[in-house]
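This briefing is meant to be read with the sequence and the model side by side. It takes up selected contacts first, and then the overall make-up, the internal cavities and the surface.

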Amino acid sequence: MPALAPTAAVPWLAYASLSASMALVGSYVGLSKLLLAAFPVFLLAWLRFGIAAVAMLPWLRREGWEAPTTPADRRLLFWQSFLGNFLFSVTMLFGVLHTSALAAGVVMAAIPAAVALLSRVLLGERLTPRVAAGIGCAVAGIALLAVVKSGGHAGATAAPWWGYALLLAAVFCEAAYVVIGKRLTGRVSPRRISALINLWGLALVTPLGLWQALSFDFAAVAPPTWGLLVFYALAASMVTVWLWMRGLREVPASRAGVFTVWLPLSAALIGIAVLGEPFGAGHGLAFALALAGVVLATWPAAAGRVSAAPRGRTT
């Protein structure tokens, strides 16, 4: 009897890194309303990038295995920062400011589908039916969660159409961040990627941040708000980016996109635990659907089956 081909090892550490990254993103998205009550959008983004830049100075050194960055690498780093750091921050913050938590939850549920679409178009990654089903479960679960959070009255809060357009733009900015990151992780270390794209973000937002800082009363900000700002800066620019780049080294971008379900899920948990929102059976069903999406996308393939990603795309 011929021997069965060994089943590929499951990259559980990479899955944990991806999950933790998006859970942290969701936590600061959920808390962003508190910061937006104290800081204008561009000043908030500028302070975030500036605090993180100081913390990540040691990460700028090239590790021993890294080759010098090529012009193509530098272009990718710029676009990853411009889309995934600068534009995501601005569109997400303005979108949340002008719509509602419900709207943000529903629209952000489209991130896994957007990642899968861009991975197929830009990276040529094949989508297996199981990964597609996982994406469907994730989107359905988070959309249900958003409806349940509002008591079934979706859209009850009036908001300008461009607020929703900004949230949708944030979805595709985050998807582009995932796909571009996949192209970089085999050549540049996760820590150095994190530091370099943060510096680009700081450079891009500095003119607007300085403009708002000139008329801002910094003395009026309470000490707990400064503490929340430091958490936001380190989580958004440092920890989440490193965790995400670490996970992408071993996971195809289309499959990694499913882990973005933790973004709106953790934002909802912040609402329940911190803001006192009720938790009922509908919330439990929504969480179950989202978790089913992660299981479908990450369960080990049967022996001898072909991987969901073409060779050369997972390094």
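**Briefing on the predicted model**

Helix α3 is where H98 is found, and the coordinates discussed throughout belong to a predicted model. With a relative accessibility of 28%, H98 counts as partly exposed, and its C-alpha lies 5.4 Å from that of G163, although 65 residues separate H98 and G163 in sequence. The protein chain as a whole contains twelve helices and zero strands, and buried residues account for 50% of its 315 residues.

**Overall make-up**

- Followed along the sequence, the chain reads as the pattern α-α-α-α-α-α-α-α-α-α-α-α, in keeping with its count of twelve helices and zero strands.
- Among the helices discussed below are α1, spanning residues 12–36, and α9, spanning residues 223–248, together with α11, which covers residues 262–273.

**Residues far apart in sequence**

- V10 sits in the segment before α1 and is classed as partly exposed because its relative accessibility is 22%, which falls between the 20% and 50% cut-offs.
- The C-alpha atoms of V10 and E250 are separated by 9.6 Å, while the two residues stand 240 residues apart along the chain.
- V25 belongs to helix α1 and is buried, because its relative accessibility of 4% is under the 20% cut-off.
- Between V25 and V239 there are 9.6 Å from C-alpha to C-alpha, against a sequence separation of 214 residues.
- A268, a residue of helix α11, likewise counts as buried, with a relative accessibility of 3%.
- A distance of 7.2 Å separates the C-alpha atoms of A268 and G30, two residues that are 238 residues apart along the chain.

**The largest cavity**

- How many cavities of 30 Å³ or more does the count give? The count comes to two cavities, and the largest of them holds about 110 Å³ of space.
- Of the 15 residues that line the largest cavity, those closest to its centre are V25, Y28, Y177, A236 and T240, so that V25, already described as buried at 4% relative accessibility, also appears in this central group.
- Two or more lining residues of the largest cavity come from each of the helices α1 (12–36), α3 (71–98), α7 (161–184) and α9 (223–248).
- By class, the lining of the largest cavity is made up of eight nonpolar, five polar and two charged residues.

**The second largest cavity**

- The second largest cavity encloses about 30 Å³ of space, and its lining consists of A52, A53, M56, L57, L60, A195, N198 and L199.
- Helices α2 (41–55) and α8 (190–213) each contribute at least two residues to the lining of the second largest cavity, and α8 gives the most, with three residues.
- The lining of the second largest cavity divides into seven nonpolar residues, one polar residue and no charged residues.

**The nonpolar surface patch**

- On the surface, L117, V121, L122, L168 and F172 form a nonpolar patch that has about 470 Å² of accessible area together.
- The elements that provide two or more residues of the nonpolar patch are α5 (111–123) and α7, and the largest share, three residues, is supplied by α5.
- L117, one of the patch residues, is placed in helix α5 and is partly exposed, with a relative accessible area of 47%.
- Why can L117 be part of a patch while it is only partly exposed? The relative accessible area of L117 is 47%, and patch residues need over 30%, so L117 passes that cut-off although its value stays below the 50% that marks an exposed residue.

**The salt bridge**

- In general, side chains of opposite charge can pair when their charged atoms come close.
- The count comes to one salt bridge in this model, in which the side chains of E250 and R246 meet at 2.7 Å, N to O.
- E250, with 37% relative accessibility, counts as partly exposed, and E250 is also the residue whose C-alpha lies 9.6 Å from that of V10.

Technical notes. Residues are numbered from 1 along each chain as its sequence is written. This is a predicted model: local features need pLDDT of at least 70, side-chain atom pairs count only at pLDDT 80 or more; totals for chains, interfaces and linings use all residues. Side-chain values use heavy atoms; hydrogens and water are left out. On a 1 Å grid over the protein atoms alone, a cavity is a set of points where a 1.4 Å probe fits but cannot get out, and a pocket is an open set with protein on both sides within 12 Å along at least five of seven lines; lining residues have an atom within 4 Å of a point. Grid points are joined across faces, edges and corners, and a volume is the space filled by probe spheres set on the points. Helices (H or I, at least four residues) and strands (E, at least two) are DSSP runs, numbered from the N terminus. Ala, Val, Leu, Ile, Met, Phe, Trp, Tyr, Cys and Pro count as nonpolar, Asp, Glu, Lys and Arg as charged, and the others, Gly among them, as polar. Patches are made of residues with over 30% relative accessible area and no salt bridge: like charges are joined within 9 Å, nonpolar side chains (Val, Leu, Ile, Met, Phe, Trp, Tyr) within 5 Å. Accessible areas come from the Shrake-Rupley method with a 1.4 Å probe; for residues, only the protein chains shown count as cover. A salt bridge is a side-chain nitrogen of Lys or Arg within 4 Å of a carboxyl oxygen of Asp or Glu. Buried means under 20% relative accessible area, exposed over 50%, partly exposed in between (1.4 Å probe, protein chains only).
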